[in-house]
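Biologist: I have a model open and want to learn to read its strands and cysteines. Can you take me through it?

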Amino acid sequence: VTYPEFYSLPNGDLLFFYRDGGSGNGDLVLNRYSVTERRWQRVQSSLLGGEGNRNAYWQVCVDRHSTIHLSWVWRETGDVVTNHDIAYARSSDGGMTWTNTLDKRYTLPIVEATAEYAVRIPQNSELANQTSMAVDFHGHPYIANFWRDHPTAVPQYRVVYHDGATWRTTQVGNRTLDFHRRGGGTKRPPISRPLIVLDSDENRTRAFVLFRDLERERRMSVAVCESLNESSWSIYDITPDSVGQSDPVYDAQVWQNQREIHLLTQFVGQGDSESQEDVPPQTVSVLKWIPPTDQ
């Protein structure tokens with residue numbers, strides 16, 4: 001059991017996703033806990049099938065209508081350079097059946113040949129594995145990631161989103177520091193996984209992408225976009241000092257209820273491929289950031 005993740009449904013039931021297998025060879029399993037029956041049950045033994053040749057790294061979001069949105073990248077081996085493509089599926093019945101954005105029902109398990117692709121990204125593109133996703137007021141998915149779009153280009157943060165008719169991609173800011181990752185285990189890139197948060201109603205959707213970047217002295221930063229159609233991003237640093245190798249982590253329930261981003265922050269050391277970095281004890285803090293109402 002690897003990459004265990006829990007997500008709650010509006011009725012209180014709990015979804016449990018995990019990988020059965022290893023890097024480059026594994027399947028996505030889905031269980032559900034019923035609060036009325038007070039028991040667990042298996043929903044899918046193989047939702048995303050690696051066919052013995054690959055595995056999926058996924059992220060999940062549950063919208064206000066209880067629809068489960070699932071996106072993922074494939075990896076062919078244990079080497080991070082074999083990450084490729086971003087795919088998508090959704091379920092409106094608690095994970096029993098799954099469809100694409102055209103409401104065409106998948107035959108399960110979903111495999112490489114049958115998946116709907118939000119964007120095709122080749123191997124050796126510095127594509128991240130598990131990152132984050134969100135859903136707007138209208139039920140459209142937004143996926144944050146980073147990759148290079150040309151062999152000589154610098155990896156950039158990007159948001160891939162569905163506008164109700166087609167998939168679109170927008171670049172977040174303009175990074176200038178290149179990097180290359182290779183091999184197995186946990187890598188130590190100069191940037192964090194991105195975290196996407198949406199402020200969305202019937203009329204507009206504002207996007208916030210939180211990240212940590214060596215270019216910004218490893219502070220926790222946020223990129224704000226008032227309209228993805230215009231793809232104009234403003235970037236702010238929201239911690240005064242470096243957070244080391246920390247990834248952004250926030251309280252999703254507080255955001256949903258109060259429209260405040262509560263970040264768990266701590267200076268974190270991380271060596272490459274599970275090696276240790278000598279860091280003295282560090283303070284753990286919760287930083288409250290309230291997005292401005294107007295830009």
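Modeller: We will take the cysteines, then two groups of strands. Keep in mind that this is a predicted model.

Biologist: How many disulfides does the model have?

Modeller: The test is distance: two cysteine sulfur atoms must lie within 2.5 Å. By that rule the count is zero.

Biologist: Why is Cys61 not in a bond?

Modeller: Its closest cysteine sulfur belongs to Cys225, and the two are 18 Å apart; Cys61 is unbonded because that is too far. The view from Cys225 gives the matching result: its nearest cysteine sulfur is that of Cys61, 18 Å away, and Cys225 is in no disulfide.

Biologist: Are Cys61 and Cys225 buried or exposed?

Modeller: Buried means under 20% relative accessible area. Cys61 has 16%, so it is buried. Cys225 is at 0%, so it counts as buried too.

Biologist: Now the strands. What does strand S3 pair with?

Modeller: Strand pairing is read from bridges. Strand S2, residues 14-22, pairs with S3 in the antiparallel sense over nine bridges. S3 also pairs with strand S4, residues 39-48, again antiparallel, over six bridges.

Biologist: Which residues face each other across those pairs?

Modeller: Between S2 and S3, Phe17 stands opposite Leu30. Between S3 and S4, Arg32 stands opposite Gln41.

Biologist: What should I look for in the turns?

Modeller: Check the loop length and the sign of phi. The S2 and S3 hairpin has two residues between its strands, and Gly24 there takes a positive phi near 90°. The hairpin of S3 and S4 has four residues between the strands. In that turn, Arg38 has a positive phi of about 55°.

Biologist: Why is S3 called largely enclosed?

Modeller: Count its buried residues. Strand S3 covers residues 25-34, and seven of its ten residues are buried, so the rest of the structure largely encloses it.

Biologist: In what order do the strands of the open sheet run?

Modeller: Follow the pairing from strand to strand. The order is S9-S10-S11-S12, four strands with antiparallel pairing. An edge strand pairs on one side only; here the edges are S9 (132-135) and S12 (167-172). From one strand to the next, the twist averages 25°.

Biologist: How many bridges join S11 and S12?

Modeller: Six, in the antiparallel sense; S11 spans residues 156-162. For a landmark, find Tyr161, which stands opposite Arg168 in S12.

Note on methods: Residues are numbered from 1 along each chain as its sequence is written. This is a predicted model: local features need pLDDT of at least 70, side-chain atom pairs count only at pLDDT 80 or more; totals for chains, interfaces and linings use all residues. Side-chain values use heavy atoms; hydrogens and water are left out. Buried means under 20% relative accessible area, exposed over 50%, partly exposed in between (1.4 Å probe, protein chains only). Axes are lines fitted to C-alpha atoms, for helices over the stretch in contact, and angles run from 0 to 180 degrees between N-to-C directions.
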